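Please read the following report alongside the sequence and the coordinates of the model. It deals with selected helices and one serine.

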Amino acid sequence: MIQITVVVLGVQLVLGASLQQRAQTCVTAECFTASFYIGRGLDESVNPCDHFYNFTCGNILAEPLPPGQILWNELQDNRQALMQKVYVLLMENSLSAPNYPSKSAELVDNLFNACINNFKIDKPIIDSMKKFLEQFGGWIAVKKACNLNWREISYKLRSFGIYSKTFLPVSIQYNLYDKTKYAVSIGAPSVVAPTSVLLNGINDQTVQRYKMNIVELAMGMGATNMTYTEQEATKIVELEIRLASLTTPGTTYEKKTIRELQKQYRSICWKTYITNMLDIEILKDKPLRYTDVAIVFQSDYLDRMFEILKSTPRSTLASYVEYRAIAEMLDIVGINIYRGAAQTAISACIPLVMQSLPVALSALYVKKYLTPELKQSLTPLVDNTKSGLVEEVDNSPWVDNETRTNVKEKISAMYELIGYPDELLDNAKVDDYYKSVQKSDNYLEFYLNISRFTDNDTFAKLREVPNRTDWSTHSSVIDSNAFYNPFENSIQILAGIITLPFYDPNRPNYVNYGTMGSIIAHEINHGVSGLGLDYDKDGLLATIATTEAVAKLNEARLCIKTQYAAMSGSEESAALTNNEDQADTVGVLAAYNAYQIWARQFGPDDSLPNYEKYTANQMFWISYGRLWCAKESSFYLSNIAPFADHSRYIFRVLGPLMNSDEFSRDFNCPSGSYMNPVKKCRIWK
């Protein structure tokens, strides 16, 4: 074999290895598009061994941040493009009236047009909520009231179709101890203002503006005593701050029967509470039993939640539940208490339709923008990526046989949901799914009918046998995302991400594996690292690693945490992002292995125009780096990035590649250089 060595910026680009030979340059439209994508970021004045992020993203970093944005990256860009696609879809669907392609399509159009026609018209909502809350004496922030039982108010709101996740959110999830059953779940509360903002405290300027928004809302609903109303708004925000600080990083679960819950927390009747929140009608044929299992979020969560409930005045608890209901209803006309009014009806109504009728809208989306062939083309990539992760585990010098077997079995058993369930192509099935939704000329009533249907559809599963292939629960596919579900041991690749720049079956696969492959591998790795080690191949709570293996993996976790803390300058941030940093570190290596599997079978890819000097492996790494190019504002860096569970994009490139022997070999980076440090953090090595 002939080997040619080209020196670029002091880095030897070694051509001629068996997987590096490429016969020709690809000159298709798809390859020119990929070349432009790579070239937009690539700054070849930077030595890749000195700083690979600046090498792959330097040109983008030199561009100004788009006006009005606090963050730009490919995912953000793709989500904006996705909204444009959905807008076109909704317009075309409206133009098809009255000859809609299906009844569910008509439902989508009815909701979209109702939202557009009621945009920023808050009076009907305010009047309806005032009338509804009068049965409890009115909203306490407006005037003093006598009915101070937050649970009774919650029950009434639930029957009305409003289910705000305030203090003790009840839902249904897989039983983590019995794969043949669902279980009641008691989750963590949601909040209106962002947690990262609330944790700044009541005196923070942004928090104060949020409080005054609540005051203005109450005054608009008839409050006359400004001093009293401001005091009540302060109590609401202070309570929400306590709720925001309730949960801690990480997710743990604890099983309790309803009887055990009742014995430990006697201040409420759990059977009554859960039955009313799930819906009495749903459970009338099979009522809740004291032996039924509840899965509680975080072991000490309920202790802290009941301390809040005990120490907070009853009037404030009731007022907060009422406030959350009002806030949710104002959202449907494009008014958010924290952010203010949406700029346009379109920007408000597209997300509302996506959230309210996800199955119906997804059915329209996949028929217009995806093909079965595109969906099927991803299967080999997913299979190779799973094999690439198995290869990492198989090559581990320290992992014991028991752990290796369990990990490989879990990866093999992992269920893949690529793009969309085929049932979305069947109008009859989708129409049947929504058959019980009642339409109404009254927008609020129509929305609440849909909301009640959605909640009841979820809660009715309590007495069913779980089915991880159930199409309706996996039919919300319009997002640029992929994720791993530990309760199902499944990975779902949503339809919205199966597009440029993440995937194109007609471009060289080193680009696809560096982008989509690394995203998928990242998610698969969640199943066999961190919290994923606590769930078996069936999604049940059962550790799949021995004590010795966990100790080794924890060493690697600590190594990565220390490394990322040094890069970011924050121990706290490195702790928050540790699970995701591990997934990035292993994910890119698994995707790299997967590409080698593909190349051994089919031979090397052709070159991209203008980038013939790079090997296929080098183009894999360049594609990975290009994926995470980002522009970040000072606001984003100060107020969002420190609280995120993913590292900044620059570290998502630098960290994994600094830890990769394969990267350093492919770019021939000298030992001790910035991108090839002597000490590396590897999960399985």
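The report takes up one helix, then a helix pair, then a single residue.

This is a predicted model, in which local features need pLDDT of at least 70 and side-chain atom pairs count only at pLDDT 80 or more, while totals for chains, interfaces and linings use all residues. Residues are numbered from 1 along each chain as its sequence is written, and side-chain values use heavy atoms, with hydrogens and water left out.

Helix H9 covers residues 226-244, and its end C-alpha atoms are 27 Å apart, which agrees with the 27 Å that its 19 residues should span at 1.5 Å a residue. Among its buried residues (under 20% relative accessible area, 1.4 Å probe, protein chains only) are Tyr 228, Ile 236 and Leu 243. Their cover includes helices H7, H8, H13 and H14.

Helix H3 (residues 74-95) packs against helix H16 (residues 358-369) at an angle of about 100°, with the axes 10 Å apart. H3 is therefore roughly perpendicular to H16, a term for angles of 65 to 115 degrees. Contact (heavy atoms within 4.5 Å) involves residues including Leu 82 and Leu 89 of H3 and Leu 361 and Tyr 365 of H16. The residues of this contact divide into nine nonpolar, one polar and three charged.

Ser 664 lies in helix H28 (residues 661-666) and is buried, with a relative accessible area of 5%. Not counting residues up to four places away in sequence, Ser 664 touches Cys 669, Met 675, Asn 676 and Lys 680.

Two short distances are listed below.

| Atoms or groups | Distance |
|---|---|
| Asn 225 side-chain oxygen to Thr 227 backbone nitrogen | 3.2 Å |
| Ser 664 side chain to Asn 676 side chain | 3.2 Å |

Definitions and conventions: Helices (H or I, at least four residues) and strands (E, at least two) are DSSP runs, numbered from the N terminus. The expected span of a helix is 1.5 Å times one less than its number of residues. Buried means under 20% relative accessible area, exposed over 50%, partly exposed in between (1.4 Å probe, protein chains only). A polar contact is a pair of N or O atoms within 3.5 Å; within protein, one must be able to donate a hydrogen and the other to accept it, and residues adjacent in sequence count only if both atoms are side-chain atoms. Axes are lines fitted to C-alpha atoms, for helices over the stretch in contact, and angles run from 0 to 180 degrees between N-to-C directions. Angles under 35 degrees count as roughly parallel, over 145 as roughly antiparallel, 65 to 115 as roughly perpendicular and the rest as oblique. Ala, Val, Leu, Ile, Met, Phe, Trp, Tyr, Cys and Pro count as nonpolar, Asp, Glu, Lys and Arg as charged, and the others, Gly among them, as polar.
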